[in-house]
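Colleague: I am new to this structure and should be grateful for a close look at a single part of it. Please choose one helix and then relate it to the rest of the protein.

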Amino acid sequence: MKELIPAIVERRSLRSYTGESLEKWQIDNLIKAFMFAPSAMNYRPCHIIAVQNRKTLQKLSEVTPWSKMVAKSGVTFVILGDPERSRWWIEDCSAANENLLLEAADMGLGACWVQVRDISDEDAEKKIRDILEIPENLRILNMIAVGVPKRFKEKHREAEIDKSHMHWEKFQKSTS
Ligand SMILES: Cc1cc2nc3c(=O)[nH]c(=O)nc-3n(C[C@H](O)[C@H](O)[C@H](O)COP(=O)(O)O)c2cc1C
């Protein structure tokens, strides 16, 4: 059996990057991980844009109050869904996002999800649409910044798991 659990436990949101570029094969691997995620009815409504241009990254880093790390990323992926192709585009794109995040962790890279859809700054989606010339029929769910991390965080610990959220056979009310 191949060991996936170490990558899952070690994956953390890393927001501080050296600013180095990533190699083409690394970006290809990340996109491949994204593309091979499960998809409801296999409708495959997700699109991914890889952005490496430094000026574009700077612009994208300014679209939300929580996207500053994008400026120094080696690549930032912008994740789009096509609601006309699948009503489950959010679920599909989320599954694909997690594949990419895990592949980044497994490759020793730092990555972080940046939310775009349904945040307090309603203009975020419009700003990105304008910067990247995204057609109106596609929605923008999020971005994922990826880079060579300046530092790593501690991996997750077993003690972080809220056991009251784990249920066996039927829903069990917490006694605490
Ligand atoms: C739907 C979603 C939206 C998120 N949005 C942001 C964001 O806009 N900016 C950011 O820095 N982190 C964002 N994160 C990362 C979370 O803050 C992070 O996953 C959480 O603090 C747990 O830390 P960990 O990823 O290291 O386990 C987001 C994560 C998810 C799943």
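Modeller: Helices (H or I, at least four residues) and strands (E, at least two) are DSSP runs, numbered from the N terminus. The expected span of a helix is 1.5 Å times one less than its number of residues. This is a predicted model, in which local features need pLDDT of at least 70 and side-chain atom pairs count only at pLDDT 80 or more, while totals for chains, interfaces and linings use all residues. Residues are numbered from 1 along each chain as its sequence is written.

The part chosen is helix α4, which covers residues 89–106. Its 18 residues reach 26 Å from the first C-alpha to the last, close to the 26 Å expected at 1.5 Å a residue. Just after α4, G108 takes a positive phi of about 75 degrees.

A residue counts as buried if 20 or more other C-beta atoms, placed from the backbone, lie within 10 Å of its own. In α4 the buried residues are W89, D92, C93, A96, N97, L100, L101, E103, A104 and A105. They pack, with contact meaning C-beta atoms within 7 Å, against the helices α1 (5–10) and α2 (24–35) and the strands β1 (46–51), β2 (75–81), β3 (110–115) and β4 (139–147).

The helix also enters the largest nonpolar core. Such a core is a set of buried Ala, Val, Leu, Ile, Met, Phe, Trp, Tyr and Cys residues joined through C-beta atoms within 7 Å. Of its 36 residues, I79, L100, A111, M143, I144, A145 and V146 touch the most other members. Two or more residues each come from α2, β2, α4, β3, α5 (124–132) and β4. Among these elements, α4 gives the most, with seven residues. I144 illustrates the packing: leaving aside residues up to four places away in sequence, I144 touches N97, L100 and L101, as well as T76, F77, I79, A111 and W113.

The wider setting is a protein of five helices and four strands, which run α-α-β-α-β-α-β-α-β from the N terminus on. With a radius of gyration, taken over C-alpha atoms, of 17 Å, close to the 16 Å that the globule rule (2.2 Å times the number of residues to the power 0.38) gives for 176 residues, the protein is as compact as a globular protein of that length. Its C-alpha trace spans about 50 × 40 × 35 Å along the principal axes. Of the 176 residues, 30% count as buried. Among contacts with a separation of 6 or more, 79% join residues 24 or more positions apart.

Technical notes. A residue is buried if 20 or more other C-beta atoms lie within 10 Å of its own, exposed if 12 or fewer, and partly exposed in between; C-beta atoms are placed from the backbone. Two residues are in contact if their C-beta atoms, placed from the backbone, lie within 7 Å.
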